[in-house]
Amino acid sequence: MRTRLLSTLVPAAALLVALTACSTGGAPAAPTDDRSASATGDPTSPPALRPGWDAATGTITLGDGPTRIDVWFDPMCPYCKQFDEAQREALADWSTRDGSQVVLHPLTFLDRASQGSAYSTRAATVLATAAEQDPAAVLPILLDLYDRQPAEQTAGLDDAALRAIASAHGVDAAKALADRPWDTTFRKTSAEAFSGRDAITGTPTMRVDGREVPSGQLYESGLRKQVDTYLDQR
């Protein structure tokens with residue numbers, strides 16, 4: 001039953017991987033039609049991760065359930081904002097549900113679109129700091145970052161504004177923003193997300209137990225019900 005339910009969410013034999021909203025090259029494209037997607041084989045379900053920030057993998061894990069819901073995003077990506085607006089309540093629920101964990105992959109390839117200010121890296125630094133100090137603050141801070149998301153080709157929020165967002169949720173990001181301890185991590189994981197094992201094609205990308213959600217479902221209210229049904233069968 002579980003496999004059948006998940007297959008309605010993401011076909012296993014013809015896994016749809018074209019989630020090209022913000023891509024690594026050129027201007028961001030609109031979300032692609034699933035019919036233009038390439039196909040891969042059925043992936044192996046990834047292992048659960050320990051909650052919190054993991055500098056080795058560049059991931060923020062919320063929750064400790066056996067089912068992984070992975071989300072790749074760049075804080076400056078406008079389509080990631082649209083995804084968050086559509087699914088923010090669902091993500092918050094899945095991050096605290098006994099049967100699941102949400103694994104966030106903050107990417108920073110849109111640093112190139114922030115006039116040299118490295119906005120994506122600085123925003124990701126705030127999220128990583130929140131995951132270290134208070135994981136419960138991560139999604140509320142991400143919500144605020146999206147609500148104040150700067151347009152591409154602008155410098156974005158300065159460090160003072162980012163510190164204020166973090167502080168509003170009880171997180172002190174001053175030292176992390178000054179020292180930038182994870183810049184190398186973000187550069188590495190951003191490159192590997194597209195060329196390594198994850199092999200995403202754009203942001204946002206969401207996978208449930210390693211199976212990719214088609215781009216056409218990312219912004220739909222029905223996605224939450226489909227994932228919830230799958231989780232209920234675990």
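Which helices are included in what covers the buried residues of H5? In this predicted model, the cover includes helix H3 (119-133), helix H4 (138-147) and helix H6 (174-179).

**Helix H5**

The residues of helix H5 (residues 159-167) that are buried are Ala161, Leu162, Ile165 and Ala166. When one looks down the axis of H5, these buried residues fall within an arc of 140°, so they line one face of the helix. A general rule helps in reading this pattern: an α-helix has 3.6 residues a turn, so residues three or four places apart point the same way. At the N-terminal end of H5, Asp158 acts as a cap, with a side-chain oxygen placed 3.3 Å from the backbone nitrogen of Ala160.

**The sheet**

Six strands make up an open sheet of mixed pairing, and their order is S3-S4-S6-S5-S7-S8. Strand S3 (52-54) and strand S8 (211-212) stand at the edges and have a single partner strand each, so one side of each is left without a neighbour in the sheet. In general, the strands of a sheet pair through backbone hydrogen bonds, either parallel or antiparallel. Strand S5 (residues 67-73) and strand S7 (residues 205-208) are an antiparallel pair, joined over four bridges, and Val71 has Met206 in S7 as its bridge partner. Helix H3, which is also part of the cover of H5, lies across S3, strand S4 (59-62), S5 and strand S6 (100-106), and runs at about 125° to S3.

**Phe83 and its surroundings**

Is Phe83, a residue of helix H2 (residues 78-96), buried or exposed? Phe83 is buried, because its relative accessible area is 3%, and the cut-off for buried is under 20%. Leaving aside neighbours within four places in sequence, Phe83 is in contact with Val71, Arg88, Leu91, Pro204, Met206, Leu218 and Tyr219. Two of these contacts, Val71 and Met206, are the bridge partners already described for S5 and S7. Phe83 and Glu220 are 137 residues apart in sequence, yet their C-alpha atoms are 8.8 Å apart in space.

**Backbone features to look at**

Most residues other than glycine have a negative phi, and most peptide bonds are trans. Against that background, Pro204, which is among the contacts of Phe83, is joined to Thr203 by a cis peptide bond with omega about 0°; Pro204 is placed in the loop between helix H7 (183-195) and S7. Two residues that are not glycine have a positive phi, and they are set side by side below.

| Residue | Phi | Loop | Relative accessible area |
|---|---|---|---|
| Gln153 | about 70° | between H4 and H5 | 49%, partly exposed |
| Asp209 | near 50° | between S7 and S8 | 2%, buried |

**Confidence in the model**

The protein chain has a mean pLDDT of 85, and 82% of its residues reach 70 or more. Over residues 10-20, however, the pLDDT is below 50, although the model gives this stretch 51 contacts beyond near neighbours in sequence. The pLDDT also stays under 50 over residues 25-42, for which the model has 38 contacts beyond four places in sequence. Where pLDDT is low, the predicted coordinates should not be read in detail.

Methods:
Residues are numbered from 1 along each chain as its sequence is written. This is a predicted model: local features need pLDDT of at least 70, side-chain atom pairs count only at pLDDT 80 or more; totals for chains, interfaces and linings use all residues. Side-chain values use heavy atoms; hydrogens and water are left out. Buried means under 20% relative accessible area, exposed over 50%, partly exposed in between (1.4 Å probe, protein chains only). The arc is that of the directions from the helix axis to the C-beta atoms. Contact means heavy atoms within 4.5 Å. A polar contact is a pair of N or O atoms within 3.5 Å; within protein, one must be able to donate a hydrogen and the other to accept it, and residues adjacent in sequence count only if both atoms are side-chain atoms. Two strands pair if DSSP finds at least two bridges between them. Axes are lines fitted to C-alpha atoms, for helices over the stretch in contact, and angles run from 0 to 180 degrees between N-to-C directions. pLDDT is the predictor's confidence in each residue, from 0 to 100.
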